[in-house]
Amino acid sequence: MSTIPTIFNEKITPYTAVGGKERTSSTGISAIVISNPGYQRRAFFQELEKTGFDNVISIESSSPHYDIEDMVKRFPFVRFILPEKEISTGEKINLAAAETESPLFYVLRNDLKIIAGGTARKIAERLSANHESGESGEPKIGFKRLCTVPVILNSRYETLPTLAAPMTHRKKLQTVFFEPHAEGQATLYPFDGIGIYDRLRFIRTGGFDITLKNIYWQFLDFGFRSFLWGEEIALSSQLKLLCEGNLPVEDRTVEESYKRFYIKNLAPEFRSDYAHLPLYRFLPFMLKTGEDFFSAWEEFSEGRKWVIRNKFRWRCDAHSVIKNWDNISAPQASQSTKVMTGVSGIVLKHASMIGS
């Protein structure tokens, strides 16, 4: 059994990096491209160059790439990351975060087109926020949140329901998707990883846990951990992307990845100023997983050690996140959230029951 990572990129797949790494601009934001085979990359990179990102990092698949040499010559500002084996979207984002030096990075796919938001400099300025003054008396420049997600439209310019919210039904957790309609609406996680991340916050939060092989539980783990640790993932209605492909359908099967998600996010209790994973959670965990005593205890014990190492990072527990979601999200959104179903072939209403 692989252990839970304790630091960012503790477990990393070997990869090769080719192409440019020098900054073409100094705006504070780079573009991270999750390469989607079958789409015209040349026109896409040209658009990114016009937008003025500091760097462009393209995360490729592990299959042979016969055009990489030509692409490197044509686009010297793009750095291509070639993993030795196929990896998850979360691990691709982790790799890119380690490669870039910009304070912000915008995760995109090459079947997405930026249609609103302005230049890279404008985007970075919009997400900047002044904090308390430093020793010199000048205000410190930081960023508004851990991750800012855009509005995504389909080829008919219809807004897609890509914001996720937690709900409970018969003491079980569900997630539902709904359309964005208000600036600053919270989302439980960035759909398909698409969004603008504060690099330092992302690294401090640990990034995506790549030991969770199912991408749905990987995203959900990142999102819950972010809110449990006091971070924010929310919408900027001024950022818009046009999706020229199909959005993925998430596999919400309850399997190995779910068990680790449960131990890290749902099982811990919050006590005043720290988190604790109580021993009485073990027996229900063992019975639900169907594992033998020793296997279940090994996994539970590992999760308990991870919670102890990070216990002072918690600001609340999962029950509070779910119960107070309407307050966490934009107030105007809580009054009129509309769950959508049956659009564009995407699973819009999640019925995955994941235990309380």
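**Note on the predicted model: sheet, helix packing and two buried loop residues**

1. Serine 58 stands opposite phenylalanine 80 in E4, and this pair is a convenient place to enter the structure. The model is a predicted one, in which local features need pLDDT of at least 70 and side-chain atom pairs count only at pLDDT 80 or more, while totals for chains, interfaces and linings use all residues. Residues are numbered from 1 along each chain as its sequence is written, and side-chain values use heavy atoms, with hydrogens and water left out.

2. Strands E3 and E4 run parallel and are joined by 4 bridges, where two strands are said to pair if DSSP finds at least two bridges between them. The element names refer to DSSP runs, numbered from the N terminus, with helices (H or I) of at least four residues and strands (E) of at least two. On its other pairing, strand E3 (residues 56-59) is matched with strand E2 (residues 29-34) in the parallel sense, again over 4 bridges. Within that pairing, valine 33 stands opposite serine 58, and isoleucine 32 has isoleucine 57 as its bridge partner.

3. In a regular strand the side chains alternate between the two faces of the sheet. For E3, Val56 and Ser58 point one way whereas Ile57 and Ile59 point the other way, and all are buried, a word that means under 20% relative accessible area, with exposed meaning over 50% and partly exposed in between (1.4 Å probe, protein chains only).

4. These strands belong to an open sheet of 9 strands with mixed pairing, in the order E1-E4-E3-E2-E5-E12-E9-E13-E6. Strand E1 (15-19) and strand E6 (112-116) stand at the edges with a single partner strand each, so one side of each is left without a neighbour in the sheet. From one strand to the next, the twist averages 30°, an angle that, like the others here, runs from 0 to 180 degrees between N-to-C directions, with axes being lines fitted to C-alpha atoms (for helices, over the stretch in contact).

5. Strand E13 is mostly covered, since 8 of its 11 residues are buried. E13 pairs with E6 in the antiparallel sense over 4 bridges, and with strand E9 (residues 147-153) in the parallel sense over 6 bridges. Leucine 242 in E13 is the bridge partner of lysine 113, and leucine 242 is also the bridge partner of leucine 153.

6. How do helices H3 and H6 cross? The axes of H3 (residues 89-99) and H6 (residues 215-228) come within 9 Å and cross at roughly 50°. That makes H3 oblique to H6, given that angles under 35 degrees count as roughly parallel, over 145 as roughly antiparallel, 65 to 115 as roughly perpendicular and the rest as oblique. The contact, which requires heavy atoms within 4.5 Å, is made by Thr89, Gly90 and Glu91 of H3 and by Ile215, Gln218 and Phe219 of H6.

7. Two loop residues deserve a look. Serine 102, in the loop between H3 and E5, counts as buried at 0% relative accessibility, and a polar contact of 3.0 Å joins its side chain to that of aspartate 54. Such a contact is a pair of N or O atoms within 3.5 Å; within protein, one must be able to donate a hydrogen and the other to accept it, and residues adjacent in sequence count only if both atoms are side-chain atoms. Glutamate 250, in the loop between strand E13 (233-243) and helix H7 (256-266), counts as buried at 10% relative accessibility, and its side chain makes a polar contact of 3.0 Å with the side chain of tyrosine 189.
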